[in-house]
Amino acid sequence: MENENKKVAICHGGLFIFTGLMVFVFSFFGGKSYEAILRNVIVSLIISGTVIFMLKDAQVRGNEGFSYDNGEHKMRFILFYLGMIALSCAFSLVPNQLWPYMALFVILSLFSNAEIGIVSGLGFVIISVLLEENSDYGCFFMYVIAGVLAIVLFRELKEDTTIGMKVSISLMMQAVLLLAFDVLFQNRTLSIKLIIIPIINLMLNLIILMAFLNMFGLYVIRKSNDNYMEINDTEFPLLARLRDTNKDEYFRAIHTGYLAERIALGLGFNDRAVKNCSYYHRIGSLEGKNNWVDVESIYLNNNFPKEAVALLKEYIENPKGAEKSKECLCVAISETVVATIMYMVKKDKDVKIDYDQMIDKIFDKKEADGELKNYNITYREYDQMRKILKKEKLYYDFLR
């Protein structure tokens, strides 16, 4: 980890120097005045310095600092950023209506996070405009607005996300801004000839966007789902060890996972992370460990997805007074129901349980104790949880 941090720090320094050097070279050979060269270099260094600061801040925040698995693959953003420095300088040599910044904004954000994507994308547009022979504030306005909108639309991508509408809205906004830029800012007459270059721009954005989203979905989003499929398998080595070591803990985890997943699916929560948390939040019992500091390495060493690790941390640490997620409540209530039934059956194998009454008591007690105050959940969702659990009466017989 320490070697990786040193490598990233060296790359940050190289990124800072490369940015100033590239802008200086293009400014000098572009025939800019000494004042303009100095301005361009200073602006580019400020931009790169800001982005580096944001990257370091995201790194300090750990898994929460980056989107998807970018915290584990920091070099992908740095390499793309280096390529973007060269591209932003080269764009100054072609008509500004051809710049495919809308798609590039999306790539920058998906390789880091939305905030870094916006700031870095904005910086690259500034560099292109400053290096352009006839710079125009209207061009800057057009690409920044289109890029920010695209980032907002594509910031939450999952395996089942439909991107057709998102792509259509992004391209429509880009088309409107391109035409507005030509007609309003440059005072040109609208004609067939005028829309040829904007059409080429839209095609470039579409090709880049679709190619990147397909690769991103395959190698990043799909990979996370594959990880869940592997670790949420009851034959996964960790669960197999738990089964061989402590059958009560194993069956408690499996039954909790089933119920929590049913609730999550019924209410549209993150069912994969919920199931994962149900299975593994007591896995520390294998080594007699219960604190987060002691068990975190177990999850990291087994390549748990970052959102799964975040939920496990929230559930295990359970800081008093801190806001807790809906997914966390799914696991807590399901575990309480399973533990209650297992306790009653262990005490008397022939006990007759009124499951509706038992579930009502559990829910009413949590409400009376004020536990709901810390959960980010509505009363309607809480009531739906109760109803979903009451529908699982046939399943509860498996706990005997």
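1. In which helix is Phe28 found? Phe28 belongs to helix H1. The model is a predicted one, and the points below should be read with that in mind. At 43% relative accessibility, Phe28 is classed as partly exposed. Together with Leu21, Phe24, Val25 and Phe29, Phe28 makes a nonpolar surface patch of about 510 Å².

2. Helix H4 covers residues 101–110, and 10 of its 10 residues are buried, so the helix is largely enclosed by the rest of the structure. The buried residues of H4 include aromatic ones, Tyr101 and Phe105. Also buried there are Met102, Ala103, Leu104, Val106, Ile107, Leu108 and Leu110. Ser109 is buried as well. The cut-off behind this statement is a relative accessible area under 20%.

3. The largest nonpolar core has 60 residues, and the members that touch the most others are Tyr101 and Phe216. Elements giving two or more residues to this core are helices H1 (2–29), H2 (34–60), H3 (74–90), H4, H5 (114–131), H6 (137–154), H7 (164–185) and H8 (196–231). Apart from this core lies another, of 59 residues, with Tyr228, Leu312, Ile353 and Tyr395 among them.

4. Which residues does Phe216 touch, leaving aside those up to four places away in sequence? With that exclusion, the contacts of Phe216 are Tyr68, Leu110, Phe111, Leu157 and Ile221. One of these, Leu110, is also among the buried residues of H4.

5. Lys349 sits in the loop between helix H14 (326–347) and helix H15 (355–368). Is Lys349 buried or exposed? Its relative accessible area is 69%, so Lys349 is exposed. The C-alpha atom of Lys349 is separated by 7.2 Å from that of Arg400, although the two residues are 51 residues apart along the chain.

6. Side chains of opposite charge can pair when their charged atoms come close. How many salt bridges does a search of the whole structure find? The search finds 17 salt bridges. Three of them are described in the points that follow.

7. Arg243 and Asp244 form a salt bridge in which the closest N and O atoms are 3.7 Å apart. Asp244 is exposed, at 59% relative accessibility, whereas Arg243 is partly exposed, with a relative accessible area of 23%.

8. Lys366 pairs with Glu371 through a salt bridge between their side chains, at 3.3 Å from N to O. Lys366 counts as buried at 11% relative accessibility. Its partner Glu371 counts as partly exposed, at 31%.

9. In the salt bridge between Asp383 and Arg386, the closest N and O atoms are 4.0 Å apart. Why are these two residues separated by about one helical turn? Because they are three residues apart in helix H16 (residues 379–390), about one helical turn lies between them. Arg386 is buried, with a relative accessible area of 13%, while Asp383 is partly exposed at 32%. Salt bridges that share partners join both residues into one network with Asp360, Asp364, Lys387 and Lys390.

Methods:
Residues are numbered from 1 along each chain as its sequence is written. This is a predicted model: local features need pLDDT of at least 70, side-chain atom pairs count only at pLDDT 80 or more; totals for chains, interfaces and linings use all residues. Side-chain values use heavy atoms; hydrogens and water are left out. Buried means under 20% relative accessible area, exposed over 50%, partly exposed in between (1.4 Å probe, protein chains only). Helices (H or I, at least four residues) and strands (E, at least two) are DSSP runs, numbered from the N terminus. A nonpolar core is a set of buried Ala, Val, Leu, Ile, Met, Phe, Trp, Tyr and Cys residues joined through side-chain atoms within 4.5 Å. Contact means heavy atoms within 4.5 Å. Patches are made of residues with over 30% relative accessible area and no salt bridge: like charges are joined within 9 Å, nonpolar side chains (Val, Leu, Ile, Met, Phe, Trp, Tyr) within 5 Å. Accessible areas come from the Shrake-Rupley method with a 1.4 Å probe; for residues, only the protein chains shown count as cover.
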